[in-house]
Amino acid sequence: QTKYKLRNTHTWRMWAIYMVLAANVSAEQALKQACPSCDDTQLCNCSSMGLDFIPPGLTGKITTLNLSHNRIKHIRSQDLQQAVNLRALLLQSNKISSIDEDSFRSLGKLELLDLSNNSLAHLSPAWFGHLFLLQHLHLQGNSYRDLGESSLFSSLRNLSSLHLGNSQFSTVRQGNFEGIELLDKLWIDGGNLSQYEPGSLKSIKKINHMIISLRRINVFSAIVRDLLHSVIWLEVRKIKLEVENKSLVQNSTLPFRIQKLTFKDALFIDEYISQVIVLLKEIISLQEFEAIDCVLEGKGIWDTKKIASSGQNFVETIKVINVMIMNFHLFMDLNGMESQINNVKSLTIVSSRVFMVSCKLAKHFSSLLYLDFHDNLIANNRLNETICENAWPSLQTLNLSQNSLKSLKQTADFITRLPKLINLDISENNFGEIPDV
């Protein structure tokens, strides 16, 4: 009887093992049917397969799982339980509206999580509580209006890049970013951000590059004050720059760390330009200014006396790329701005319909080493004014490619006025026959 019991127990054990193995084989077969690329590889590419659920059979051998561009609505606790070695999980562009709180509990090795462009109306800190190695988190393009009452990210000590926000995102509160100390990139889609509690971003000690879409100038000013001590490069998009007559450095933490400021897809108005220049000069650490794909409404009629009386300009690098000036042919020669350009070492104005620089202004670019005017409207009859005697005295590099130059001889005669020139690009102009000498 004892032998019979032992044999019976053994049989049941074998049967249980068989059933487990059979279930595993069945699950793996289901996975291969849903995602053929998952067969014998660490990369599981299930993108654009029409899936409305996470396929069963995921195992520890998979390190990258791409489930993007499907129709998944819900992530359950058990869906990813066995995928313990995942490094990258791509779930963007689904219809995800709910995630069980412990769905990512077993993903302790995960480095990249992309939940962008889904239907998440609320974000839970429990999702991220065990993702200690996570470096890149994408949450943009959902439907949440805020980040909750506390920090979602306090467990993410290795976080390097964070992308969040959407067209309905309206509120940022103090404490939302507690626990984050260092970020390489922070990207906030905040086109409708209307409530920003001062100090909300101040807890982050260093951000190498921050991109933020904004429309409200009061939110812009509050964010700048919070970031001056932490961000290296601030990129502001889609703002209509109507500046408050209020200091940008008030109550900011010293020392300032910001070195570069970029405006992209922004709208500038003549009457506010002077105020912007004055306020930016308060940020003494600022070295580089960029305007990309922007629109300037006006003719360059700025309050140059107010600008000059506000002190020295510390910016050394200026880039203006594809800026639309509707009345560019009426734009002023910026007479009175001479005192603001002595320290500029690099000037790039491309694809912006520049046709000349006044001789008086050009002579005051005393420190300029690099000048890029490619893809503009400079012709020979204006080059004589732009490169007059004693203009650009320190210039080493000049790019005049893709302009309207026709006479190589005239161009050469004007360029010989630049005694320190080393590099010259005059390609893609309208030169005729090249002379022998």
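**Exercise 1. Where does Leu 405 lie, and which elements flank its loop?**

Solution. Leu 405 belongs to the loop between strand E22 (397-399) and helix H7 (408-415). Helices (H or I, at least four residues) and strands (E, at least two) are DSSP runs, numbered from the N terminus.

Before going on, note the ground rules. This is a predicted model, where local features need pLDDT of at least 70, side-chain atom pairs count only at pLDDT 80 or more, and totals for chains, interfaces and linings use all residues. Residues are numbered from 1 along each chain as its sequence is written, and side-chain values use heavy atoms, with hydrogens and water left out.

Next, take burial. Leu 405 has 0% relative accessibility, so it counts as buried. Buried means under 20% relative accessible area, exposed over 50%, partly exposed in between (1.4 Å probe, protein chains only).

Then list the neighbours. Leaving out residues up to four places away in sequence, Leu 405 touches several residues, including Ile 378, Leu 383, Thr 411 and Phe 431. A contact means heavy atoms within 4.5 Å.

Last, take a distance. Leu 405 and Ser 358 are 47 residues apart in sequence and 18 Å apart in space, C-alpha to C-alpha.

**Exercise 2. State the confidence of the model, and find a stretch where pLDDT stays under 50.**

Solution. pLDDT is the predictor's confidence in each residue, from 0 to 100. The mean pLDDT of the protein chain is 90. Of its residues, 92% reach 70 or more. Now look at residues 16-25. There pLDDT stays under 50. The model has zero contacts for this stretch beyond four places in sequence.

**Exercise 3. Classify two aromatic pairs, then name the cluster that holds their residues.**

Solution. Start with the total: the structure holds nine aromatic pairs. In Trp 127 and Phe 128, the ring centres are 6.0 Å apart and the planes stand at 80 degrees, so this pair is edge-to-face. The rule is as follows: rings of Phe, Tyr and Trp (its six-membered ring) pair if their centres lie within 6.5 Å; planes under 30 degrees apart count as stacked, over 60 as edge-to-face and the rest as tilted.

Check burial. Trp 127 has a relative accessible area of 5% and is buried. Phe 128, at 0% relative accessibility, is buried too.

Now the second pair. The rings of Phe 153 and Phe 177 have centres 6.1 Å apart and planes at 25 degrees, so they are stacked. Phe 153 sits in the loop between strand E7 (136-138) and strand E8 (161-165), and Phe 177 in the loop between strand E9 (171-172) and strand E10 (182-189), so the pair ties together parts that are 24 residues apart in sequence. Both Phe 153 and Phe 177 are buried.

Put the residues together. Trp 127, Phe 128, Phe 153 and Phe 177 form one aromatic cluster.

**Exercise 4. Follow the strand pairings from E8 to E12.**

Solution. Two strands pair if DSSP finds at least two bridges between them. E8 and E10 pair in the parallel sense over five bridges. Here Ser 161 has Lys 185 in E10 as its bridge partner. Move on to E10 and E12. They are parallel as well, over seven bridges. Lys 185 stands opposite His 209 in E12.

**Exercise 5. How many residues of helix H2 are buried, and which strands do they pack against?**

Solution. Helix H2 covers residues 217-227. Of its 11 residues, 10 are buried, so the helix is largely enclosed by the rest of the structure. Among the buried ones are Phe 220, Arg 225 and Asp 226. The buried residues of H2 pack against strand E11 (195-196), strand E12 (206-213), strand E13 (231-237) and strand E14 (260-264).

**Exercise 6. Describe strand E16 and its two partners.**

Solution. Strand E16 spans residues 288-292, and five of its five residues are buried. In a regular strand the side chains alternate between the two faces of the sheet. On one side of E16 are Glu 288, Glu 290 and Ile 292. On the other are Phe 289 and Ala 291.

Take the partners in turn. E14 and E16 pair in the parallel sense over five bridges. Lys 260 has Glu 288 in E16 as its bridge partner. Five bridges also join E16 to strand E18 (residues 317-321), again parallel. Phe 289 stands opposite Ile 318 in E18.
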